Amino acid sequence: MSDGPVEWLDIRGGRIGVHPGTGALVSARLGEDGRQLVERPSGAGLLRVALPVEGYGSHYLEAGVHGAPRVERLPDGLRLVHTELSSEHVTAAVRVEIELRSADEGLVVRARVHNGSDLPIPQVAFPQLLGLGAVPGSDDARVGLRASAAGHPPRISLTGSDETRLRLSRGTVWPLRQLSMRPDDASFLETPLQRYFGYGAFEFSMKWFDYGDSRGGLTMYSRDPRYAAQGLLVERPDRTRDEVDLRWLHFPTIGPGESWESGDFVLLLHQGDWYAGARAFQEFAAQAYPYNAPQHIREALGIRTVWPAIRHAPPNFTIDVLPEYAEEVADVELGLAELCVWHWWEKNGLPVILNPRLGTEDDLRAALARCTELGVPVSMFVSHHLLRDTDETPDEWRHLNAAGQPVQDDWTYGRDFLPRFHIPFMGTHAMMRGSLLSPGLREAILAEHERILDLGATSTCWDQFWSWFEPSYNPSADGAPDEEGDRLLDVGRAIHDLVRSRNPRGTFSGEMMTEQKVPMLDYTWEWRNSADLDEDAPFRYVFPQVRLNANVNEHPRGALLAFADGGLINVMPGQMNSYRLADCPDLDRTLRQLSALRRRFLGYFCEGQYRHVEGLTAVGCHARAYSWGERVLVVVLNATDDAVEASMAVDPRVWGGRPVTGSPTVVDLDGATREGWNDGRFSGVVEPDGLRLLEFV
């Protein structure tokens, strides 16, 4: 294991080198071709703690920089022990133990911090992967324009080293291009050279990332089930060098005499693109976080969302009209699982009050009863993680930042305002963040969902179902400042069980799926369009059956794109105007066609594996691959206004499958069989907004 001044650990996909004098990770070398991912070791170790002292609030202590470890060699790895850390400002009895163990799944890394000082520790950075470089590429790097047939923004890239990217569960960062500054740029604190992604929403919604390029890389993920406040800092330490630092940040409050443990992180190296890293995380996550949605949600093409009202404007329709929308959804040929009702309340927060312009609670009860008679489940959307900045909100419910301030905003908006959002001259919805660390708020939320079900709703849907990225320092909290996420999960499980106990077809849905929420959220309701599903590919890959929504307006192209990527189509023609499907014949026809195709190939979507573009070569078209056992399905789409000459080939050997043989069955949007297979490749003209499904059995 030892080779000169470096301790070598053989791990899944390659070798890791650790400097015994600092505990720094100084090498990450891919196994097959020997490529090196660490460009310039920094000398800093794997862990850093914030330790504010008087006059130096940003003071920190870093393993390796502020103390060398004692190295204990284990049968399968190393233990690095720091009994204290010392800077020129303070010598602190902060004991740090870091274990690195080689296992079948990769390098398992964990840390324990014991605070023996008399100062609190409010932040821990662990693990730190510092000095990562551009994955070395070819000498003849060429400029390329990567266009998208699906309407994604074109990306200018370089083949070679500048292809380096950080793939997150629902987003991509190109650090050597996006984290850049001109040599004469004197921007405040050089903040353009860093980006922070709070865990639990948006890009960093899964405790997983992959750093590298299309030929190989490094994956790291956490096996810790806690939903504590944390995030990923991506930083370019020097604008003139092609290097990247990755720090996983945690925000515990480790008081004097207290300890903190990180849980397990797994690091592995791999050949090929991020798919290999996603498969590794899937090995753990699929067992740890099983998906429990009802069968009708798993099989459905989509849901329908309507808006009875929009703020600061006359209602679209009164609540007694709701069954007329349900009558359209009741048509089984559309494949829509339930009706979601937005903006039926007068204002956000608690208690939830029906907008009196829509009718009375008796009117709502009667409308929901009629929807039930029609066989249409109804989900009532609620927004109560944002609370009203009035006396209606108890002080102990408020999320307070480290300065003791409530975090708030003016959520006034409307379609007739100029501008439509953040209108300067009016403030009718002063909202503040609520903290689930308050037991009173948790009890009130659960009681409100129970009352909504008593009114006749089948399901509920939670707006902003994520924990705030920073800790809450409200003194009345019943947990540590960074534990709001765990309380959020507790409430979510209780609502899920409540809804399902009332009706086996009942669902609990909401914004911002994470791996911990997979067992309790039946689908997402997020402001994501069909084209956005491309960025969601790692999450879809790890959890292929989980229904991430894609919002679709009256243009049928959105439904086609959502179908190709296996999204749950959230049908919203006219968006907040709530057009009737009868007034959108093109969309109505497309939904019926796609519903029939989904039923025909249901096994791929409900039991198979979403592959994204793994193993695919596509020209002139938008293409997605699925596998189901040894079967392969490829969806080919022309998402443009003009006919195109499209070609596609698929090689399942890339993911460990068998090579395809023979000719596939080729089906179009109408379900009719088509020609188009020549010499081992699909090729042919595809009409505007045309679809082909190729099944290899």
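User: How exposed is glutamine 575, and what is its relative accessible area?

Analyst: Let's start with the scale: buried is under 20% relative accessible area, exposed is over 50%, and partly exposed is in between (1.4 Å probe, protein chains only). Glutamine 575 has a relative accessible area of 36%, so it is partly exposed. Keep in mind that this is a predicted model, in which local features need pLDDT of at least 70 and side-chain atom pairs pLDDT 80 or more, while totals for chains, interfaces and linings use all residues. Residues are numbered from 1 along each chain as its sequence is written, and side-chain values use heavy atoms, without hydrogens or water.

User: What is unusual about the phi of glutamine 575?

Analyst: Most residues other than glycine have a negative phi. Glutamine 575 is not a glycine, yet its phi is positive, about 45°. You will find glutamine 575 in the loop between β34 (568-571) and α10 (585-600); these labels are DSSP runs numbered from the N terminus, with helices (H or I) of at least four residues and strands (E) of at least two.

User: Where does aspartate 689 lie, and is it buried or exposed?

Analyst: Aspartate 689 sits in the loop between β42 (681-686) and β43 (690-696). Its relative accessible area is 17%, so it is buried. Its phi is positive too, about 50°, although aspartate 689 is not a glycine.

User: Which peptide bond leads into proline 127, and is it cis or trans?

Analyst: Most peptide bonds are trans. The one from phenylalanine 126 to proline 127 is cis, with omega near -10°, and proline 127 belongs to strand β13 (residues 123-133). Leucine 350 and proline 351 are also joined by a cis peptide bond, with omega about -5°. Proline 351 is in the loop between β26 (336-341) and α5 (361-373).

User: How many aromatic pairs are there?

Analyst: Rings of Phe, Tyr and Trp (its six-membered ring) pair if their centres lie within 6.5 Å; planes under 30 degrees apart are stacked, over 60 edge-to-face and the rest tilted. By this rule there are 37 aromatic pairs. One of them joins tryptophan 248 and phenylalanine 265 edge-to-face, at 4.8 Å centre to centre with 75° between the planes. That pair links distant parts of the chain, 17 residues apart: tryptophan 248 in strand β22 (residues 243-250) and phenylalanine 265 in strand β24 (residues 265-271). Both tryptophan 248 and phenylalanine 265 are buried.

The rings of tryptophan 525 and tryptophan 527 have centres 5.0 Å apart and planes at 80°, so this pair is edge-to-face. Tryptophan 525 is buried at 0% relative accessibility, whereas tryptophan 527 is partly exposed at 41%.

User: Which charged end sits over the ring of tyrosine 325?

Analyst: A charge sits over a ring if NZ of Lys or CZ of Arg is within 6 Å of the ring centre and within 35 degrees of the ring normal. The charged end of arginine 580 sits over tyrosine 325, 4.4 Å from the ring centre. Arginine 167 lies over the face of tryptophan 274, at 5.3 Å from the ring centre.

User: Which residues of α9 meet α10?

Analyst: Contact means heavy atoms within 4.5 Å. From α9, Pro556, Ala559, Leu560 and Phe563 meet residues of α10, including Leu587, Leu591 and Leu594.
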